[in-house]
Amino acid sequence: MTSALAEQWRAARPAMAGLHLDNAACSRQSFAALDAAARHGLHEAEVGGYVAADAATPVLDAGRAAVAALCGLSEAEVVFTTGSLNALDLLLGSWLRDARTLACLPGEYGPNLAVMAAHGFEVRRLPTLEDGRLAIDDAALALQEHPPHLVHLTPVASHRGIVQPLAMVAKLCRELGIPLVVDAAQALGQIDCAVGADVTYSSSRKWIAGPRGVGVLAMRPELTERLTRGVDQLGFGEANVAARVGFSVAVGEHLAYGPENVRARLAELGGITRSLLADVDGWVVVEEREEPSAITTLAPVGGADPEAVREWLLAERRILTTFAGIPRAPMELAEPVLRISPHVDTTAEELEAFAEALISATAATFAG
């Protein structure tokens with residue numbers, strides 16, 4: 001199945017002009033998703049934007065239902081947004097004014113922290129192990145002794161591929177009666193998110209491989225009691241419906257491939273990548289080899305420069321990777337890192353070629 005999945009995924013997309021190892025930032029859309037968005041744009045020109053939007057209702061409803069299924073929220077209220085950060089902004093901006101304390105990991109995404117601060121939330125750090133993984137027993141004690149108004153968990157962070165114990169946190173929060181909000185921007189499509197959290201939000205453009213500029217906010221209906229606005233007031237009246245159509249097609253394709261098959265292939269590629277890069281001079285692989293994610297994070301040692309290496313790889317070898325600076329996780333990240341994130345169609349040979357290119361890039365940009 002792994003080989004067939006890789007072949008199907010690659011055949012369904014335009015060829016990459018180089019080597020794409022930046023899927024944690026933005027994956028490649030399929031012909032079907034691109035065509036669906038384009039056809040909707042054409043339909044807008046033919047019949048008018050609002051008429052075309054009404055005609056797209058079945059596709060959009062199917063997209064919402066698919067997202068709800070992936071989040072384990074069969075009865076969820078699902079709102080389209082412009083992306084993950086917009087979803088969090090809508091949610092926290094509507095949260096009750098007298099209930100604004102939240103607990104999150106020290107590795108929380110920097111822009112998320114800015115949204116939390118902008119809406120007046122008091123942020124409490126959850127206890128972690130040395131690798132940044134949640135210390136679940138210590139967290140249970142902390143949440144029992146000083147319960148916040150919500151727990152915000154990012155199961156897979158932007159700056160490293162360590163997978164947090166999402167299902168265990170969901171169970172703990174249910175037992176304690178604390179709403180759990182999940183930032184699934186990196187998790188949806190990469191790990192199992194069907195844990196029934198109270199809120200799950202995500203972007204289209206990462207592992208689901210939809211278009212940029214669209215995301216989703218999925219909530220349990222009863223959670224609306226904690227909001228100052230109804231669900232029908234959270235969505236934008238003016239929207240890029242074509243992007244929503246493209247996303248709905250992409251998430252449908254993800255279900256057709258089999259989410260468990262995609263997750264298994266991504267974890268396999270993560271292990272291959274980490275094995276190949278384990279002994280490259282100038283870098284330390286952050287994750288354990290068996291971490292069940294596709295993301296590999298390289299921390300520099302001895303003068304390696306992640307930003308310069310990223311630029312060299314792109315300019316000289318047309319290899320796309322991610323430079324992650326400290327602002328991505330300002331409470332945890334001590335230095336910039338280089339992130340590698342293959343998707344299911346990446347081959348072992350391509351990863352070997354990357355390892356060789358990384359050696360050359362490191363030597364060419366070495367800061368001493």
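Me: Why is T362 counted as buried in this predicted model?
Reply: Its relative accessibility is 9%. Buried means under 20%. The value 9% falls under that cut-off, so T362 counts as buried.

Me: Where is T362, and what does T362 touch?
Reply: T362 sits in helix α12, which covers residues 348–365. Set aside its neighbours within four places in sequence. Then T362 is in contact with D281, W283, A304 and V309.

Me: Why is D89 called partly exposed?
Reply: Check both limits. Buried is under 20% and exposed is over 50%, with partly exposed in between. D89 has 34% relative accessibility, so D89 counts as partly exposed.

Me: Which element holds D89, and which residues are in contact with D89?
Reply: D89 belongs to helix α5, residues 84–93. Beyond neighbours within four places in sequence, D89 is in contact with V115 and H119. There is also a distance to note for D89. Its C-alpha atom is separated by 35 Å from that of G18, and the two residues are 71 residues apart along the chain.

Me: What makes R318 exposed?
Reply: Its relative accessibility is 51%. Exposed means over 50%. The value 51% is over that limit, so R318 counts as exposed. R318 lies in the loop between α11 (306–317) and β11 (319–320).

Me: What is notable about the phi of R318?
Reply: Phi is about 55°, a positive value, although R318 is not a glycine. A209 is another non-glycine residue with a positive phi, near 65°.

Me: How do you know that A209 is buried?
Reply: A209 has a relative accessible area of 0%. The cut-off for buried is under 20%, so A209 counts as buried. Its place is the loop between β7 and β8.

Me: Where is K206, and what does UniProt place there?
Reply: K206 is in the loop between β7 (199–203) and β8 (215–219). The unreviewed UniProt entry places the feature "modified residue: N6-(pyridoxal phosphate)lysine" at K206.

Me: Why does K206 count as buried?
Reply: K206 has 9% relative accessibility. That value is under 20%, therefore K206 counts as buried. Leaving aside neighbours within four places in sequence, K206 is in contact with N23, A24, A25, S27, A185 and Q186.

Me: What makes the pair K206 and A24 a polar contact?
Reply: The side chain of K206 reaches the backbone oxygen of A24 at 3.1 Å. The limit for a polar contact is within 3.5 Å, and 3.1 Å meets that limit.

Me: Which other side chain has a polar atom close to the backbone oxygen of A24?
Reply: That of Q186. A polar atom of the Q186 side chain lies 2.6 Å from the backbone oxygen of A24. Q186 is in the loop between β6 (180–183) and β7. Its relative accessible area is 4%, under the 20% cut-off, so Q186 is buried. Among the residues Q186 touches are V156, W207, I295 and R339.

Me: Why are helices α7 and α8 called roughly parallel?
Reply: Their axes cross at roughly 25°. Angles under 35 degrees count as roughly parallel. The crossing angle of roughly 25° is under that limit, therefore α7 and α8 are roughly parallel to each other.

Me: Where do α7 and α8 meet, and what is the handedness of the crossing?
Reply: I136, A140, L143 and Q144 in α7 meet M168, V169, L172 and L176 in α8. The axes come within 11 Å. The crossing is right-handed.

Conventions: Residues are numbered from 1 along each chain as its sequence is written. This is a predicted model: local features need pLDDT of at least 70, side-chain atom pairs count only at pLDDT 80 or more; totals for chains, interfaces and linings use all residues. Side-chain values use heavy atoms; hydrogens and water are left out. UniProt positions are given in the numbering used here, feature names are shortened, and annotations may be inferred rather than shown by experiment. Helices (H or I, at least four residues) and strands (E, at least two) are DSSP runs, numbered from the N terminus. Buried means under 20% relative accessible area, exposed over 50%, partly exposed in between (1.4 Å probe, protein chains only). Contact means heavy atoms within 4.5 Å. A polar contact is a pair of N or O atoms within 3.5 Å; within protein, one must be able to donate a hydrogen and the other to accept it, and residues adjacent in sequence count only if both atoms are side-chain atoms. Axes are lines fitted to C-alpha atoms, for helices over the stretch in contact, and angles run from 0 to 180 degrees between N-to-C directions. Angles under 35 degrees count as roughly parallel, over 145 as roughly antiparallel, 65 to 115 as roughly perpendicular and the rest as oblique. A crossing is left-handed if the near helix is turned anticlockwise from the far one by less than a right angle, and right-handed if clockwise.
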